[in-house]
Structures are given as structure tokens and as C-alpha cells.
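User: Please take a close look at the salt bridges of this model, with attention to where the partners sit along the chain and how accessible they are. A connected account would suit me better than a list.

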Amino acid sequence: METIAEDQTGPLQQVTYLAQNDLDKLTSAEQGKIWATYVGNTMSVCVLSYMLNHVKDQEVKNILEHAMQLSKQFLQSLKGIFAKENYPVPVGFTQEDVDIQAPRLFEDDFYLHYLKYVAKAGISLYGIAIPLVTRDDTRQFFTSCIDQTVKLINSVNTALLKKGLLTRPPYIPYPEAVDFVEKHSYHNGYFGRVRPLQALEITHLYDNVENNATSKAVLVGFSQVAKSNQSKAYFRRGKEIATKHYETFSGILQEEGLTSPPILDQLVTTSTSAPFSDRLMLFHKLDMYAVRIRAYGNALSMCARHDVATKYARFLVEVGNYVEDGSNLLIENGWLEQPPQAVDRNALTSNRH
């Protein structure tokens, strides 16, 4: 009996030990999110270093410096995790991808709109990570990331409000009483009685108008300074998409007498000297349009009017195609860094002799 007990306990202890080791490894969710966070923040350091070299407004400069400090802090924390795991550090973006001495491409006020734009993307990335990561160090890291990014976006909004640059989402009247939907016409958008937009539909329309206004200005600048004709054409196409989406969403709001954020193109200078490599600019727009897919998907999930939902569905396909074409451009130029991925079992099988 003692021998049997020992034989049963030994393997059990070994399995428990191996399982504990597996639990200490980075999961696919952790690898994917820390990889994206690292690469994204190396890009941010390049962009922010250029902006800081030109900014004149002291309040804007303080916020840019805060954003730079956060990006460097995030990168340092991730390097610690990479070192701990003996994990290859992604290349991301370096000083070779930025020329901080290049002429000013954007006005100071635009920097605030830009920071709000990228902070939204950060909050989305970190917010999705938190429920999925399981290791204490990664959970604490992403919790800190989202806390710090929320503080950053709050300081940006405060500065925009102080400067009179913050367009508030539209006001609608308070309901007079609690009510329930009684008719299927609630979903109408093309035929019959079309109801007014409800609050969540307005919220996402406004958010997507704001995102497209900022994205369009970035694309105006990038299309001016890109070196290759392929990149220029890609950015011009992106500008056309952002313009169409901006006009469509703002038009829906305006039809109901609701306000929408203004165009920001006037905050782009006439410079044609590139502050960033084509690789960085292509990745930047690829990354931000990928976030746009998520934003449109969220908006679609909250939309009950058929006419608005159809526009989101159509625009999702258009943005998806644009992102795919951008990734193909990066691949053709050897610029797309490979994210972590699962084992290719078919390749392993085919390589056996």
C-alpha cells in the first residue's frame, strides 16, 4: 500500500509542478497585448519627440511631456517583463523613423486633438487586455496603463475645454417619464415613421465624427510628406474615406438638429518635408484604422435604426479593405514586424523527412 501511494503521489506532484510552470508563462493574450503595447509606444515616442521639438504653447507642452513620460514608463516596464521571460524584444520604431528637425507639420492645438485620438485607442487596447491577462505582473501593468491613460485624456479634455476647442456631444432633453418601446417601427430607418436618434446612437455617431476629423487631418499631413508614391496614394485614399465617413455621420446628426465636431484640416501646415518614415506613417494609419473597425463594431452593436446600422456595416467593410491593403504595402516593403503567433503544425509536418 505504501509503495502504491508513493507511485501515485510522485507523478501527481510532478504534474502539479509542471502545471504551475505553465501558469507562470505568458499566455497568448498576454503576449499579444504586450507586443502591441510595446510597438505602439515605440511609435508614440517617435511622434511625441517630434511634436515636443516644435510645440510653443506651454500648457500643450506639459501635456505632451506627460504623454512622453508615460510611453517611456510603459516601455521600461515591458522591457522588464521581456528580460524576465528571456523574450525577444520587438523592434518597433526607433530614432531612424523620425526626424525631429523636420519643419512643423501640425499646429499646437492639433496636438491636443491628436492626444485624445490616440489615448482613446490606448484605453481600448488596455481595457480589453485587463479581463484576459492572468499573471499578476501583466495584470498590474495593464491596470496601471489604463489608469494613467484615463488621467492623460482627462487632462487633454480639460485643456481643450479651457482653450474653447472642446465641442461637447449634443444635448437632448431629459425624458419626462420612464417609458417602454411598444412598436417594431422603433427599428425603422428607410420606410414608415423614423424615430429620432436615441442617446447611445448619438454618442457613437459623435465619437466617430470626432475620430474621422482627427484622422483626416493626420492623413492630410501624411499625404503631403510621404516619400513614396505608393504611400502618398494610400494616404490620399484614407483621406477620402475619412472625409466620406465624417460627412455621413455628421450629416445624420445635423438632419436631427444635433451638433458635430468640426474639421481640423486648418491645423495642418503646408510643409512637405517628412518628419516620419513611410514605414511609421503606414503603420500608424493601419493601427488607427484597425481601432476604427472596433469603434464601428461597438457603434453597430448599440444601433437599433436600420438606416444607421447599414452605414456602419458598409463602412466596416470599406475600412477592413483599407487596413488589408495597408498591411500588404508594409509586407511588400519588408516593414511589417511579425506579431507572436501559434505553432504552424502543418509546416512542422511538411518539413519532416
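Analyst: A residue is called buried here when its relative accessible area is under 20%, exposed when that area is over 50%, and partly exposed when the value falls in between. The model is a predicted one, and side-chain atom pairs are counted only at pLDDT 80 or more.

As a setting for the salt bridges, the protein has ten helices and zero strands, so that its pattern, read along the sequence, is α-α-α-α-α-α-α-α-α-α. Of its 353 residues, 45% count as buried. Among the contacts between residues at least 6 apart in sequence, 85% join residues that are at least 24 apart.

The count of salt bridges comes to 17. One of them joins the side chains of D57 and K163, with an N to O distance of 2.5 Å. This pair links distant parts of the chain, since D57 belongs to the loop between α2 (28-52) and α3 (58-85), whereas K163 belongs to the loop between α5 (136-162) and α6 (199-225), with 106 residues separating the two. The relative accessible area of D57 is 23%, which lies between the two cut-offs of 20% and 50%, and therefore D57 is classed as partly exposed. K163, at 28% relative accessibility, is partly exposed because its value lies between those cut-offs.

A further salt bridge is formed by the side chains of K162 and E59, at 3.9 Å from N to O. Here too the link is between distant parts of the chain, K162 being in helix α5 and E59 in helix α3, 103 residues apart. The two partners fall in separate accessibility classes: K162 is exposed because its 65% is over 50%, whereas E59, at 25%, counts as partly exposed.

A buried pair is found as well. R104 forms a salt bridge with D108, where the closest N and O atoms are 2.8 Å apart, and both R104 and D108 are buried, so each has a relative accessible area under 20%. Salt bridges also occur as a network, in which K84, E85, R135 and D137 are linked.

Helix α5, which holds K162, also holds Q148. Leaving aside neighbours within four places in sequence, Q148 is in contact with H66, L70 and F74. Of these partners, H66 is 82 residues from Q148 in sequence, and the C-alpha to C-alpha distance between them is 9.9 Å.

The loop that carries D57 follows α2, and the packing of that helix can be described in its own right. The axes of α2 and helix α8 (residues 278-301) come within 11 Å and cross at roughly 125°. An angle of this value lies between the limits of 115 and 145 degrees, and α2 is therefore oblique to α8. The crossing of α2 past α8 is left-handed. On the α2 side the contact is made by V39, M43, C46 and V47, and on the α8 side by L280, F283, H284 and D287. By class, these residues comprise six nonpolar, one polar and one charged.

Notes. Residues are numbered from 1 along each chain as its sequence is written. This is a predicted model: local features need pLDDT of at least 70, side-chain atom pairs count only at pLDDT 80 or more; totals for chains, interfaces and linings use all residues. Side-chain values use heavy atoms; hydrogens and water are left out. A salt bridge is a side-chain nitrogen of Lys or Arg within 4 Å of a carboxyl oxygen of Asp or Glu. Helices (H or I, at least four residues) and strands (E, at least two) are DSSP runs, numbered from the N terminus. Buried means under 20% relative accessible area, exposed over 50%, partly exposed in between (1.4 Å probe, protein chains only). Axes are lines fitted to C-alpha atoms, for helices over the stretch in contact, and angles run from 0 to 180 degrees between N-to-C directions. Angles under 35 degrees count as roughly parallel, over 145 as roughly antiparallel, 65 to 115 as roughly perpendicular and the rest as oblique. A crossing is left-handed if the near helix is turned anticlockwise from the far one by less than a right angle, and right-handed if clockwise. Contact means heavy atoms within 4.5 Å. Ala, Val, Leu, Ile, Met, Phe, Trp, Tyr, Cys and Pro count as nonpolar, Asp, Glu, Lys and Arg as charged, and the others, Gly among them, as polar.
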